[in-house]
Amino acid sequence: MTVTTDASSPDPALSVRNLSTVYEAKAATVHAVRDVSFDLRPMERLGIVGESGSGKSALALSILGLIEPPGRVAGGEIMLGGRDIAKLSDRELGSVRGKEIALVLQDPATALDPVKTIGRQIIEAIAAHEPGLKRSAARRRAAELLGDVEISHAEQRLDEYPHQFSGGMRQRVVIAMAIALNPSVLIADEPTTALDVTTQAQVLALLDRLVDEHRTAVILITHNLGIVSEFCDSVAVMYAGRLVETSGVDHIFESPTHPYSEALLACVPNPEKLAQGPLPAIAGYPPDLSSLPSGCAFAPRCPVGRDIPQCHQEAPQPHAVSGPAGPAVVECHFAEARIREASR
Ligand code: ADP
Ligand code: MG
């Protein structure tokens, strides 16, 4: 659920409704994504944060139709460009992927073929979606794209292989391939986790340009809150397959309302002081997604609701609240009370 601050904002670039994804293992069904809904505006930079195993990658893969058995999307709508892409066949989805929505993963090596030149791979990506394009034109376009992602001597480098590129350059090539087709939405799942801080900054700057120059909306999945405060304008906190708090970045950093968001931020009181590190550890463990409690999934670890019967019995619904630093949607029985407390 996107928090819209501008009433005149255009139609969302992506609108996800009641998306659920399960992995059906032999003994149990893992509920990786549970009834998730949100909107993404054109040019929005949405950060998705949450501990490992909270369903962030499953959400990204579900949106792109890339969940593989034993997983499956169990329900929901994914509205992109005026239609529900969850209803498309694999073939139809193949032409939407890349062209309208693209995915960048943590490890650029998985997206590149080691035995093909960089140029050939970019040209193939372009050709897959523009079959009529002449080879020479595709090559020119590929060189431009490398230049766009600030790889110098682009024309020569087209003839090099992935191993001749550094990790950061490979990630920029993957992003170049993703932007080759000007998608309206790009989902980047931990795109900088494997990179050093300098290269990380280059990749983020590139994503910034993608938003500014191509009007692409970006979903950035990360466990680095420093990156969220630098790059994102909105944030969704994911816990046990649900988005438990969605808001503008100021709200999350100034007055996180969900006790889980607050716990995530507990060690990092102000965004300027955020360490370039992983999320701080929270006492206890995330729940087993194959046997979830009936109430709030965070209740057993929650400093607020641990001893409150309602929290263990009733799953909280999304509450739209208006905090001191802006609106938020929070799945906590005590959302309003906590906002009142924070405003005092
Ligand atoms: P995150 O990206 O937030 O770390 P994931 O989306 O990868 O989390 O995982 C969410 C849940 O789905 C986890 O409980 C994980 O064990 C489960 N899961 C992910 N992939 C598979 C798979 N291929 N088979 C079975 N369970 C899976
Ligand atoms: Mg992941």
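Select Val22 first: this residue stands opposite Arg72 in strand S4. Next to this pair, select Tyr23, which stands opposite Gly71 in S4. The model is a predicted one, in which local features need pLDDT of at least 70 and side-chain atom pairs count only at pLDDT 80 or more, while totals for chains, interfaces and linings use all residues. Residues are numbered from 1 along each chain as its sequence is written, chains are lettered from A and ligands numbered from 1 in the order in which they are written, and side-chain values use heavy atoms, with hydrogens and water left out.

**First stop: the sheet of four strands**

Select residues 14–24, strand S1, together with residues 71–80, strand S4; eight bridges join these strands, which run antiparallel. Strands here are DSSP runs of E with at least two residues, helices are runs of H or I with at least four residues, and both are numbered from the N terminus. Two strands are said to pair if DSSP finds at least two bridges between them.

Now add strand S2, which is joined to S1 by eight bridges and runs antiparallel to S1. S1 and S2 form a hairpin, with four residues between them. To see one bridge of this pair, select Leu14, whose partner in S2 is Leu40.

The open sheet has four strands in the order S2-S1-S4-S5, with antiparallel pairing. Because S2 and strand S5 (83–84) stand at the edges, each with a single partner strand, one side of each is left without a neighbour in the sheet.

**Second stop: ligand 1**

Select ligand 1 and show the residues around it, that is, those with a heavy atom within 4 Å. Among them are Tyr23, Val30, Ala32, Glu51 and Leu289. The shell divides into five nonpolar, five polar and two charged residues. In this grouping, Ala, Val, Leu, Ile, Met, Phe, Trp, Tyr, Cys and Pro count as nonpolar, Asp, Glu, Lys and Arg as charged, and the others, Gly among them, as polar.

Then look for oxygen atoms of the ligand. One is 2.8 Å from an N or O atom in the side chain of Lys56. For Ser57, a side-chain N or O atom is 2.9 Å from an oxygen atom of ligand 1. At Gly55, a backbone N or O atom lies 3.0 Å from an oxygen atom of ligand 1. Taken alone, ligand 1 exposes 560 Å², and the protein buries 63% of that; such areas come from the Shrake-Rupley method with a 1.4 Å probe.

Which elements give two or more residues to the shell around ligand 1? They are strand S2 (29–40) and helix H1 (56–63). H1 gives the most, with three residues.

**Third stop: the sheet of eight strands**

Select the eight strands of the open sheet in the order S6-S7-S8-S3-S9-S10-S12-S11, where the pairing is mixed. S6 and strand S11 (319–323) stand at the edges, each with a single partner strand, so one side of each is left without a neighbour in the sheet.

At one edge, S6 and strand S7 (residues 185–189) pair in the parallel sense over four bridges. Select Ile101 to find its bridge partner in S7, Val185.

Are the residues on both faces of S6 (residues 101–104) buried or exposed? Ile101 and Leu103 on one side, and Ala102 and Val104 on the other, are all buried, meaning under 20% relative accessible area (1.4 Å probe, protein chains only).

At the other edge, S11 and strand S12 (residues 326–330) pair in the antiparallel sense over five bridges. End the tour at Ala320, which stands opposite Val329 in S12.

Definitions and conventions
Buried means under 20% relative accessible area, exposed over 50%, partly exposed in between (1.4 Å probe, protein chains only). A polar contact is a pair of N or O atoms within 3.5 Å; within protein, one must be able to donate a hydrogen and the other to accept it, and residues adjacent in sequence count only if both atoms are side-chain atoms.
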